[in-house]
Amino acid sequence: MKLLKSSFLVLFSILLISCSEKEDVPSNIQVQNFVWKGLNAYYLWQKDVPDLADRRFGNDNELYSYLSGYENPANLFYNLLHIPKEYPKDPNKTYSWIVDDYIALEQSFQGIRKTTGMKVKGAEFDNGSGYYVFVYDVVKGSDAETKGVTRGMLITEVNGITLTESNVNDVFANDSFTIHLADFNAGNPITNGTTINLNKAETTENPIKEAKVIVDGSHTIGYLLYNQFSRDYDGELNAEFASFKNQGITDLIIDLRYNGGGSVQTTTYLAGMITGGNNNQLFSKEVWNSKVIANSNPDNFINNFTDKILNKNAEGDVLLDEAINSLNLDKIHFIVSENTASASELIINGLKPYIDVTLVGAQTYGKHVGSITLYDSDNFRKNGPNFRRNHAWAMQPIVLEIQNKNGENKPDGFIPDIPLDENPGNLGVLGDPSEPLLQRTIEFITTGAKGFSMNRAKSTFHSTWNSSMANPDYNNMYVELK
C-alpha cells in the first residue's frame with residue numbers, strides 16, 4: 001500500500017552486509033533484529049544514534065548479544081530514536097512509532113478505526129477548578145452519530161468518574177462507556193444530568209467531511225472540509241473538484257483544522273487540483289539519510305506537480321488512473337489549527353512559491369518530516385522476500401525531511417494571517433457559513449479585511465488533549481510507491 005520506493009532495493013546489499021540474513025537469527029530476538037536493521041538502513045537521524053552506527057557491531061553475534069538486552073521490541077525501538085536539537089523540550093516530537101498489529105496501522109491509513117465516532121478535545125475549567133472535554137467532530141455513520149452526539153457537547157464525567165487530565169486517556173480507551181453531558185457555564189461546565197452510552201465499532205471515515213458551494217455576493221466559494229490525506233479517497237476528492245469546477249467557483253476554502261496529515265502523493269494531487277498549469281514543476285523535495293541518498297536515483301526524492309492521478313498497489317496493479325480536475329486558481333484559503341500537521345502543512349508550504357496562500361485559525365503543529373512503513377522481510381516490504389508471518393510487528397520511522405521548491409519548511413508551524421482560535425462555548429456547525437472560522441474566512445474573501453471588529457476579539461483558548469492522539473497514524477506524513 002505505501003512503502004519503500006522501488007529503486008531503494010539495491011540498498012540492502014550495501015547497507016546490510018555486516019548483518020547478513022545467511023545466519024539464522026535467534027527466535028527470541030527476531031523482531032528486535034528487524035527493528036535494528038530497519039532503523040540502521042532508513043532512519044533519518046541514523047548517524048546521530050551511536051547504537052545504530054554501521055560499525056557499531058563487529059559481527060552478528062555482537063549484534064545479537066546487544067539485542068538480547070531488550071525483551072520488548074518496542075523498548076529497543078524507542079531507545080534508538082533521536083530527538084533533534086531544534087525541539088529538545090518535546091520528547092513526543094520523535095514522530096516515529098512501532099506497532100505490534102500492522103493490520104490496524106494499515107486500516108488507520110485508510111480511515112478504518114475502532115471508535116465510537118466521537119472526537120473530543122480536553123480543557124481546564126476557566127477558573128482552574130476542573131477538567132472537561134468537548135466534542136469537536138462526529139464521524140458519519142458511527143455509534144456516536146446514531147445516538148445523537150453532536151459537535152459542541154461538553155463532557156465532565158465518564159461512567160460516573162470525574163474527568164481529569166491524568167485519567168482522560170484511560171476512560172476513553174474502553175470499548176464502551178457512558179458520557180455525562182454538561183452546560184458550558186462560562187467555561188466552568190456544570191453537569192446537566194444527560195447521559196449517553198457509546199460503543200466502539202470498526203468504522204470507516206471518509207476524510208471528505210463536507211464539500212459545498214457558498215454564494216456570497218459576487219463570490220462563488222467552494223468549501224472543502226478535509227480530514228485526512230488518504231489515497232483511498234483520491235477519486236472522490238478529484239470528483240469534488242470536478243463539481244467545484246462545474247459550478248464555476250471563484251474562490252476556494254480548504255478546511256484542514258482537524259487534518260493531521262497522510263499521503264505525500266495525495267498532497268501532490270491536491271496541489272494540482274487547486275492550481276493547474278504547473279505540471280512537472282517541483283512541488284516538494286525529500287531529504288533522506290546520507291546512505292539512502294548515496295545509493296538512490298535523485299528523481300526518487302522529487303514530487304512534481306502532475307495533471308494525472310495514477311495509484312497502484314504494492315504489486316503494481318493500477319487502482320486509479322484519471323486526469324486531475326484542476327481549478328487553475330491563483331489563490332487559496334486554508335482554515336488551520338494546532339491539529340493541522342505534516343501533509344497538511346506540506347500542501348501549504350508547497351503551494352506558497354506558486355500562488356497566494358491565506359491562513360485563518362491558529363498556528364499549525366509544526367511537522368516537516370515524513371515516514372514509511374517497514375515490515376519484517378528481507379527488503380522491509382510487506383510483499384518482500386522472506387516476509388515473516390509469525391508476528392505482526394511493523395515500524396513507522398521518520399525517514400525524510402520535506403521542503404518546498406525554495407528549500408523551505410516550517411518546523412515551528414505556520415502562523416495564520418488571520419488568527420482565530422476555536423471556542424468550545426461557541427463552536428458552531430462545521431460547514432455552516434455562520435461557523436466562526438468559516439465566517440471569518442468568507443469575510444476576508446468578500447471584503448479583504450484581516451482585522452477584527454471590537455465585538456469579535458480573538459479567543460485565547462487552547463486545548464490540552466485530543467482523542468485522535470490514540471490513532472496509529474496521528475499527525476503522520478508518509479511516502480508511497482512511485
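In which strand is the place of Arg 113? In this predicted model, Arg 113 belongs to strand S2, which covers residues 112-115. Its relative accessibility is 14%, and Arg 113 therefore counts as buried, the cut-off being under 20%. The side chain of Arg 113 makes a polar contact of 3.2 Å with the side chain of Ser 108. When neighbours within four places in sequence are set aside, the contacts of Arg 113 comprise Ser 108, Ala 201, Glu 202, Thr 203, Glu 205, Gln 228, Asn 471 and Asp 473.

Ser 108 also provides a reference point for Pro 84. The two residues are 24 residues apart along the chain, and their C-alpha atoms are separated by 27 Å. Pro 84 lies in the loop between helix H4 (73-79) and strand S1. With a relative accessible area of 2%, Pro 84 is buried.

Strand S1, which follows this loop, takes part in an open sheet of three strands, arranged in the order S1-S22-S21 with antiparallel pairing. Strands S1 (97-99) and S21 (374-375) stand at the edges; each has a single partner strand, so one side of each is left without a neighbour in the sheet. S1 and strand S22 (residues 394-396) run antiparallel and are joined by three bridges. Within this pairing, Ile 98 has Met 395 of S22 as its bridge partner. Helix H2, made up of residues 30-42, lies across S1, S21 and S22 and runs at about 30° to S22.

A further set of pairings centres on strand S12. Five of the five residues of S12 are buried, so this strand is largely enclosed by the rest of the structure. In a regular strand, side chains alternate between the two faces of the sheet. In S12, both faces are covered: Asp 251, Ile 253 and Asp 255 are buried on one side, and Leu 252 and Ile 254 are buried on the other.

S12 pairs with S11 in the parallel sense over five bridges, and Ile 221 has Asp 251 of S12 as its bridge partner. S11 and S12 also form a right-handed β-α-β unit together with helix H8, residues 234-246. The pairing of S12 with S18 is likewise in the parallel sense, over three bridges. In S18, His 333 stands opposite Ile 253.

Both S11 and S18 recur, with S12, in the surroundings of helix H12. H12 spans residues 436-447 and has twelve residues; the distance from its first C-alpha to its last is 16 Å, close to the 16 Å expected at 1.5 Å a residue. Its buried residues are Leu 437, Leu 438, Arg 440, Thr 441, Ile 442, Phe 444 and Ile 445. These buried residues pack against strands S10 (208-216), S11 (219-226), S12 (251-255), S18 (331-336), S19 (356-361) and S24 (418-419).

The two ends of H12 were also examined. At its start, a side-chain oxygen of Glu 435 reaches to within 3.1 Å of the backbone nitrogen of Leu 437, and Leu 437 is itself among the buried residues of the helix. Just after H12, Gly 448 takes a positive phi of about 80°.

Technical notes: Residues are numbered from 1 along each chain as its sequence is written. This is a predicted model: local features need pLDDT of at least 70, side-chain atom pairs count only at pLDDT 80 or more; totals for chains, interfaces and linings use all residues. Side-chain values use heavy atoms; hydrogens and water are left out. Two strands pair if DSSP finds at least two bridges between them. Helices (H or I, at least four residues) and strands (E, at least two) are DSSP runs, numbered from the N terminus. Contact means heavy atoms within 4.5 Å. Axes are lines fitted to C-alpha atoms, for helices over the stretch in contact, and angles run from 0 to 180 degrees between N-to-C directions. Buried means under 20% relative accessible area, exposed over 50%, partly exposed in between (1.4 Å probe, protein chains only). The expected span of a helix is 1.5 Å times one less than its number of residues. A polar contact is a pair of N or O atoms within 3.5 Å; within protein, one must be able to donate a hydrogen and the other to accept it, and residues adjacent in sequence count only if both atoms are side-chain atoms. A crossover is right-handed if, with the strands pointing away from the viewer, the path from the first strand over the helix to the second runs clockwise.
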